[in-house]
Amino acid sequence: VQHVHKYDAKFFLLSDDDFVLGSKIGLKRVFDFCELIVESKNNGTIPEDIGFYCQTRIDVFMTRTDKNEKVVNWELIDAMKAAGFCSFGIGVETFSDRLLAAPSMNKRFINERDSCIVLDALLQRGLSPTINIILGIPETTVEEIIHSMEVAVEFFKKGCQISVTGLMDSFPGAIIHGHKDYPIT
């Protein structure tokens, strides 16, 4: 509220990959935050047109049914849209299931289908995802680069933005950082 009134802010960028976490505590925090924003807009504390952008991951927009099937978490998407979130930077990284499970990516709990379902769901609700793709994943093949680019272009045609990183960086704390099979140059 302070930044809205002091600086006449119209839009907020939440640049933290962990802003939306899929754990119960993480999701509760996001739902509470969205509820607070909606209440503040409804009571006039902040203007109705304040918007939000955040970075997140595909898996946070998925939940599991009683039969343990992965499905879109429509409740989360709708709560974030109601609060004014209109755009998301999403670390898809690749549309290759093999690369998602590779040690350098370590995203073995999601797959291409999950990414496509979530992106379509966000678009269906009128939201604007930016797909973050990494072309130079250490284990990648030319065919996987081409496939990821083709799928990304199809989502571009549907209304997504595309952000492409050429080479994957390794930072301290990453599983492959300092690993003998992944030399750093």
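These questions and answers tour a predicted model of one protein, from its overall build to its pocket, its cavity and a few residues.

Visitor: How many helices and strands are there in the protein?
Guide: Follow the chain from its N terminus. The elements run α-β-α-β-β-β-α-β-α-α-β-α-β. The count comes to six helices and seven strands.

Visitor: What share of the residues counts as buried?
Guide: The C-alpha atoms fill a box of roughly 55 × 40 × 35 Å along the principal axes. The protein exposes about 10700 Å², with carbon and sulfur atoms supplying 56% of that area. To count as buried, a residue must have under 20% relative accessible area. Of the 185 residues, the buried share is 39%.

Visitor: What part of the contacts with a separation of 6 or more joins residues 24 or more positions apart?
Guide: A contact here means heavy atoms within 4.5 Å. Take the contacts with a separation of 6 or more, then pick the pairs 24 or more positions apart. Their part is 74%.

Visitor: What is the volume of the largest pocket?
Guide: Start with its lining, which has 25 residues. By class, 10 are nonpolar, 10 are polar and five are charged. The space they line has a volume of about 620 Å³.

Visitor: Which strand gives the most to the lining of the largest pocket?
Guide: Four strands each supply at least two lining residues: β2 (51–56), β5 (85–93), β6 (128–136) and β7 (161–167). One of them gives four residues, the most of any element. That strand is β5.

Visitor: Which residues lie nearest the centre of the largest pocket?
Guide: The lining has 25 residues, and five of them are picked out as nearest the centre. One of the five sits in strand β5, namely E93. The full set is D17, E93, M105, K107 and I134.

Visitor: Is E93 buried or exposed?
Guide: E93 touches M105, K107, N132, I133, I134 and I137, leaving out residues up to four places away in sequence. Its relative accessible area is 14%. The limit for burial is under 20%. Therefore E93 is buried.

Visitor: Which residue's side chain is joined to that of E93 by a polar contact of 3.2 Å?
Guide: Look among the residues that E93 touches, which include M105, K107 and N132. The partner also lies among the residues nearest the centre of the largest pocket, as E93 does. At 3.2 Å, the polar contact of E93 is with K107.

Visitor: Which element gives the largest share of the lining of the largest cavity?
Guide: The search finds one cavity of 30 Å³ or more, and its volume is about 30 Å³. Its lining is T94, L99, I134, L135, I137, T140, E144, I145 and S148. Both β6 and α6 (142–158) supply at least two of these residues. The largest share, three residues, comes from α6.

Visitor: How many residues in the lining of the largest cavity are charged?
Guide: Sort the lining by class. Five of its residues are nonpolar and three are polar. The charged count is one.

Visitor: Which residues is S96 in contact with, leaving aside neighbours within four places?
Guide: S96 is in the loop between β5 and α4. With a relative accessible area of 6%, S96 is buried. Its contacts beyond those neighbours are E144 and S148.

Visitor: Which residue's side chain makes a polar contact with that of S104?
Guide: S104 sits in the loop between α4 (97–101) and α5 (112–124), and counts as buried at 9% relative accessibility. Beyond its sequence neighbours within four places, S104 is in contact with I137, P138, E139, M168, I176 and Y182. One of these lies 35 residues away in sequence, but 7.7 Å away between C-alpha atoms. At 2.4 Å, the side-chain partner of S104 is E139.

Visitor: What is the phi of N106?
Guide: N106 lies in the loop between α4 and α5. At 32% relative accessibility, N106 counts as partly exposed. Its phi is positive, although N106 is not a glycine. The value is near 55°.

Visitor: Where is D8 found?
Guide: D8 also has a positive phi in a residue other than glycine, near 55°. Look between α1 (2–7) and β1 (11–14). D8 is found in the loop between α1 and β1.

Note on methods: Residues are numbered from 1 along each chain as its sequence is written. This is a predicted model: local features need pLDDT of at least 70, side-chain atom pairs count only at pLDDT 80 or more; totals for chains, interfaces and linings use all residues. Side-chain values use heavy atoms; hydrogens and water are left out. On a 1 Å grid over the protein atoms alone, a cavity is a set of points where a 1.4 Å probe fits but cannot get out, and a pocket is an open set with protein on both sides within 12 Å along at least five of seven lines; lining residues have an atom within 4 Å of a point. Grid points are joined across faces, edges and corners, and a volume is the space filled by probe spheres set on the points. Ala, Val, Leu, Ile, Met, Phe, Trp, Tyr, Cys and Pro count as nonpolar, Asp, Glu, Lys and Arg as charged, and the others, Gly among them, as polar. Buried means under 20% relative accessible area, exposed over 50%, partly exposed in between (1.4 Å probe, protein chains only). A polar contact is a pair of N or O atoms within 3.5 Å; within protein, one must be able to donate a hydrogen and the other to accept it, and residues adjacent in sequence count only if both atoms are side-chain atoms. Accessible areas come from the Shrake-Rupley method with a 1.4 Å probe; for residues, only the protein chains shown count as cover.
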